[in-house]
Each structure stands twice: as structure tokens, then as C-alpha cells.
Amino acid sequence: MITFMNNSDSEEEPCNERTSLMSAESPPVPSYQDGLQASEAGEAQAHRKRRTGSSRSPNNTADGETSDSGVPVRESSMENEEEELTLKYGAKHVIMLFVPVTLCMIVVVATIKSVRFYTEKNGQLIYTPFTEDTPSVGQRLLNSVLNTIIMISVIVVMTVFLVLLYKYRCYKFIHGWLILSSLMLLFLFTYIYLGEVLKTYNVAMDYPTLILVIWNFGAVGMICIHWKGPLQLQQAYLIMISALMALVFIKYLPEWSAWVILGAISIYDLMAVLCPKGPLRMLVETAQERNEPIFPALIYSSAMMWSVGMAKPDTGARRPSQQTWDAAEDGRENHRSPSHAESQMLETRSPVQTRPITSLEELEEEERGVKLGLGDFIFYSVLVGKAAATASGDWNTTLACFVAILIGLCLTLLLLAVFKKALPALPISITFGLVFYFSTDNLVRPFMDTLASHQLYI
Amino acid sequence: AFFWLVSLLLASLIWFVSVHLSDREDARLQYGLLIFGAAVSVLLQEVFRFAYFKLLKKADEGLATISEDGRSPISLRQMAYVSGLSFGIISGVFSVINILADSVGPGIVGIHGDSPYYFITSAFLTMALVLLHTFWGVIFFDACERRRYWCLGLVVASHLLTSGLTFLNPWYEASLVPIFVITLCTGLWAFVTAGGSFRNILKCLSCEQEDESRVMMYSALQVPFED
């Protein structure tokens, strides 16, 4: 197993990238060429249930008291409404991210608990050469720190390499690299996973069926991730490859190294995203400057599509908001910002709250969603999976880590709503997760076990 | 759930420290320390419930100020219900999940002389506890809101009583039955606190349509008449 890991440094690649969280909107540029537009944008943005089909005058008289004080007041009311909108959708986004993170963790924990293969020690990755089977505690600690240093430097080098490639527009190379790594994940790792699951449940499967299943799974996955596909299918594939990658890490990282690596990578993430010269920050900024989407294979997006029409609303057809999201199309990313600039079109925004109207002329499309890097999924699942695999307190520790990670994600999203720029998603969650893991395993577990043995409830 | 976990963490820290500082061999002392640990845990849970109430109240005010009509989208009662339910779920899950996991594996219950009804009684106790936490959440928040401190005291006392009753445990008649009685009473109290009454139940069961009060609002609006 070690030898094949050797040739495939592209496997590392999905975990290097995007351990950051970005709001789908770039910071809104207030565009009030005249107060009228600004007030209208403000009104429309707030999703008020007014009939805006008529003339613009009711809108103006409605905010007549602010119209005297000129543009600055309108600006603050617009900002207020913008904030309100952000907070209103903030809760929705939190739920939209909770579900995939939870699903990924469930898949990983279920596999760890049932399939023995992923908890057996069968060698280590080339990136963590030092063994942990040492006689003394100090030596073990030293080895795990050295392993961490090597692993983090590999990740840093790869990330910097990727950012340089992106900056110098070597798109073909990057696409080739991404395609190769997702090929390997979708075919090879799935084959191994399927093999182990079948072995565990003692189910026989012949090779032709296996080839058919894996070929279909892999081919549809490649198309969905790198080209076009239904949003939910793409999300499902991204969750599956994150889970597979996390399982590989759980299997091949020795115990103490895994914890130290988790800690170190959250510190690295913090620096890479927030420091002005951090590679991830430069990647995000370059992508935003060029108005291009960051590679779909590396980011999970919870985007929904909203179609806003120019003419009178077409009350006949009201389709649900989730439509196919073309991951690779560049132009859509421009319309992340709330449509201040396109305020004239919002005149006929429907009074119905949640379902947008799909009119025949789809002039503007607006995405509202939050993006989370796949690296975040992977490391969250590694933490919970390791807790499930190694904790002797079994389920309590796993659950505590799960709750801690979700709360960390919630706090990160809250900060995202406040700061409105790309933020690292790893530090808070991983810190909470690590604190809860160690404290639950060592403190809570004996307490709960003693209580349970006497059948006491607290 | 997070708040409950933190309270549990602190309580187990206290218990752990006390156990380590004491004599391990003395069984009575250890049992006493366990009782002490459980009591501390109950008190800390209630303290954290209060802290959560404060946090939610602040969030409620924030949501109310930025919302369209000056009221927050979630009422405090709904928050009380959700908070109680989540405390109950995490508390129940922590109590019972290891037992459930063990119940899958091969084994015989009570082979060393303990009660053979361990699993089923654990299941019932957990259910009672989850329901109780939900009810306590509703009553607690309402009591804090209206500043009825005797209600608060009563909630804490009933939590302590319930936990204390589980100490009688292999004697299930003395522990399960009173706990279920307490659950029922607390349930009724929470129902009344949340504004329920016999009439409400009847109305709910008869599936009456609510009056369309919205019609009034629309008819109050008039488009300015243009000459």
C-alpha cells in the first residue's frame, strides 16, 4: 500500500486547497447613482411584501421621512436592510451547511464502526515516515511532531504551487491535476471501499457487476464535478469524495500524529487565509479579481438559483428554486453581489417570500449560498472519525466532537456574516473539537461510565 | 446541546478531581462522591440553562430590532421548547447510547446478579428524562421571563429529586413510578404555562379553521384614488 501512495501525490491535492469559507457574495458595492435607485434597491432588498408592480412613487413616499436627509441616510437604511437580509439568510445558510457536514461525518463514522479495515494499522503514508511504535513517550511525541512538520510542509508547498499555477494562468495544468486526482478518488478509492464493505458484510459480487457499478459511479462523478450536473448530485459526489479521503487519512495517520496534524493545520489555515500574503487568500482574491469561480472540484457550494424577471411576473409557472448549477461557467459568479446595481429589475419582485418567479426572460440570476472548501469537510470528518475509532468512550466522545464541530461551524458562519470576506473554517471548529475530544475522553467518560453502571441519571 | 455538554464537562472535571484527591479504595466514599458529582452536575445544568436563556434573550432583542415589524421571527416560547428539547436529547443520548451499542452485542443481561430489566428500564428512564428536560425548559424560560423565582426553584428541586430517585435504581417500583408521575405533572404544568387549556385541546382536535384575520388587513389598504 505504501508504494502506490508514493506515486500519487495528487491525492494530497484535494486536502491542500480551500480550507476556507467564503460567502457567495462579494462585498456589495453601493451603487446609488441617484437616490431613487438606492431607495428602490433598499426596498427591494428587504423583500417586503408590497406590490411593487405599480409606479415607483409609493416606494418613495413610504420612505419619505428619510428622503429629505439625502443620500447618506438612504445609505444607512440600505446597509441596515442589507444586514437584515444577511442575517435572515444566515440561518438558512447555516442549515444548508450543517446537512452536508453531518452527512459526511455520518458516512465516515458508520464506516469506521462497521468496516474493520479502516481501523487496522497497515503501514503509514510516505508523508509521515516516523513510526509511533516507540518505547518511550517522549520519543513518540517527538516523532509525531516531526511527522506533522513534514505533512504541513508538503501541504504548504503544494498550495503555493497551486496558487502560482493559478496566478500564471496555467489552467490546463491545474485542470489536468484536478482531473487526475478526482479520477483516482472516484475509481480507485471507491473500488477499495466497496471491496472492504462487501467483505465486512460477506456479500459476494462478481467482477462484471463490479466493473459496471464502479464505471457508472466514477463516470457520472467526473461529469458532475468537473462539468455540469444537477446541484444535489454534485453535492452528493463531493460529500462522498471527502468521506473517502477522510477515511484514507484515518487509516494511515498514526494516532498522536493525527491530533498534532489537526492542530497544526488549523493554525496553518488561519494564517493562510487571513495573512495578506497567505496563499489561500491570494487564491481567493485572484479568483474574485478575475471574476472566475474557483475550481468546482475543490469547493462545496450550497447555492440556490434565483431568477428575477424584468416584466410583469408570470404567475403561471413557479418552479422551485434549486436548478442546475453550472459549476464551470464563469459568468455566473459575477452576480454574487446583491443586485444593487440592477435595482430597476427588482421592481417586480414577487410578494411571495420563498419561491422566486421564473419568468420567461431570465435576465439576471442571483446566487445566494455559502461555499465551504472540501478540505474543511475532510478534516472535520477526520476528527470525528478518529474520535470514533480510538476513543474508548465510544459514542459519547464521537457525539461530543460532532456537536463541538457544528457549533464551531455556526460561529464561523456568524463571523462570515459580520465580516463578509473569506474566512478560515477550520480553526474554531477544530479547536472546539479537540478540546471536547480530550476532555470527554478523559474526564466525562469515567463519570458517565460510573453513573451508568449504577444506572444513575443526571 | 453545546451548553449542556459544557456543563457536563465542568461537572465531570469537578468529580474527577475529587476522586483523584480522595481514597480510591473506600467504596462508600466513592459512592458519596458520585452522589456529590451528580448533584453538582444537576446544578450546573440548570445554571447553563439560565445562561442559555440570557443568550437567547439577547439574540431575541437583536432579531426584533432588525426585523420588519419589530417582532422577532421566533417567539420566546418556541425558543424555550427548542432549548428544552435539545437539552433533553443530548442528555438522553449521552445516557443511553453506550447502553444501546452494548445491547447489540452478544451477552446476557444481569448475569452477575443485577436486574435483568436493565435495558428496558434504561429506555423508559431516558424517555422520561428527555420529556422532563423539555418541560423544564418551557417552565424555566417562562419563569425567568416573568421573574417568578419560586418556579425556578421548583424546577431545580424537581430535577434534583428526579436524579435522586434514580439512585434507588434496582428497586424500580420506587424509582420509575414516581419519576413518571413527576413527568406527567411537569408536563401538565408546562402545558398550562405555555398557554394551553382544555379549550385549546378541544379546538385543536376538532380541526377548526382559524378565522381569516388576514382578510382584514388587506381590506384596510386602499389604493389612492386617482381622479
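1. In this predicted model, residues 174-192 of chain B are 100% helix and 0% strand, and the C-alpha atoms at the two ends of that span stand 28 Å apart. The span is one of those that UniProt, in an unreviewed entry, lists under "transmembrane region" for chain B, the others being residues 31-48, 79-97, 117-141 and 148-168. For residues 117-141 of chain B, the computed helix content is 96%, with 0% strand, and the end C-alpha atoms are 36 Å apart.

2. The start of chain B carries another label from the record, since an unreviewed UniProt entry gives residues 1-19 of chain B the annotation "signal peptide". In the model, this stretch of chain B is 95% helix and 0% strand, with 26 Å between its end C-alpha atoms.

3. Next comes the packing of helices in chain B, beginning with α4(B) and α5(B). The helix α5(B), which covers residues 149-165, packs against α4(B) at an angle of about 165 degrees, and the two axes are 9 Å apart. Because angles over 145 degrees count as roughly antiparallel, α4(B) is roughly antiparallel to α5(B). The crossing of these two helices, α4(B) and α5(B), is left-handed.

4. The helix α5(B) also packs against α6(B), which is made of residues 172-193 of chain B, and here the angle is about 160 degrees while the axes lie 9 Å apart. The pair α5(B) and α6(B) is therefore roughly antiparallel as well, and the crossing of α5(B) and α6(B) is left-handed.

5. Turning to chain A, an unreviewed UniProt entry places "transmembrane region" at several spans, among them residues 145-166, 173-195, 207-227 and 399-419 of chain A. Residues 145-166 of chain A are 100% helix and 0% strand, and their end C-alpha atoms are separated by 31 Å. Residues 399-419 of chain A are likewise 100% helix and 0% strand, with the end C-alpha atoms 30 Å apart.

6. How are α8(A) and α9(A) arranged with respect to each other? The helix α8(A), residues 171-201, and the helix α9(A), residues 207-226, pack at an angle of about 150 degrees, and their axes are 10 Å apart. This angle makes α8(A) roughly antiparallel to α9(A), and the crossing in which α8(A) passes α9(A) is right-handed.

7. The last point concerns empty space. The second largest pocket of the model has a volume of about 680 Å³. Of the 31 residues that line this pocket, A:A452, A:S453, B:I99, B:Y118 and B:F119 are the closest to its centre. The elements that contribute two or more residues to the lining are α15 of chain A, residues 426-453, together with α3 (76-104) and α4 (118-146) of chain B. Which element gives the largest share of the lining of the second largest pocket? That share, 6 residues, comes from α3(B). By residue type, the lining of the second largest pocket divides into 16 nonpolar, 12 polar and 3 charged residues.

Methods: Residues numbered from 1 in each chain as written. Chains lettered and ligands numbered in written order. Predicted model: local features only at pLDDT ≥ 70, side-chain atom pairs only at ≥ 80, totals over all residues. Heavy atoms only, no water. 1 Å grid on protein atoms, 1.4 Å probe; cavity = no way out; pocket = protein on both sides within 12 Å on 5 of 7 lines; lining within 4 Å. Points joined across faces, edges and corners; volume = space filled by probe spheres on them. Helix = DSSP H or I, 4+ residues; strand = E, 2+ residues; numbered from the N terminus. Nonpolar A, V, L, I, M, F, W, Y, C, P; charged D, E, K, R; others polar. UniProt positions renumbered as here; feature names shortened; annotations may be inferred. Axes fitted to C-alpha atoms, helices over the stretch in contact; angles between N-to-C directions. Parallel < 35°, antiparallel > 145°, perpendicular 65-115°, else oblique. Left-handed = near helix turned anticlockwise from the far one by under 90°.
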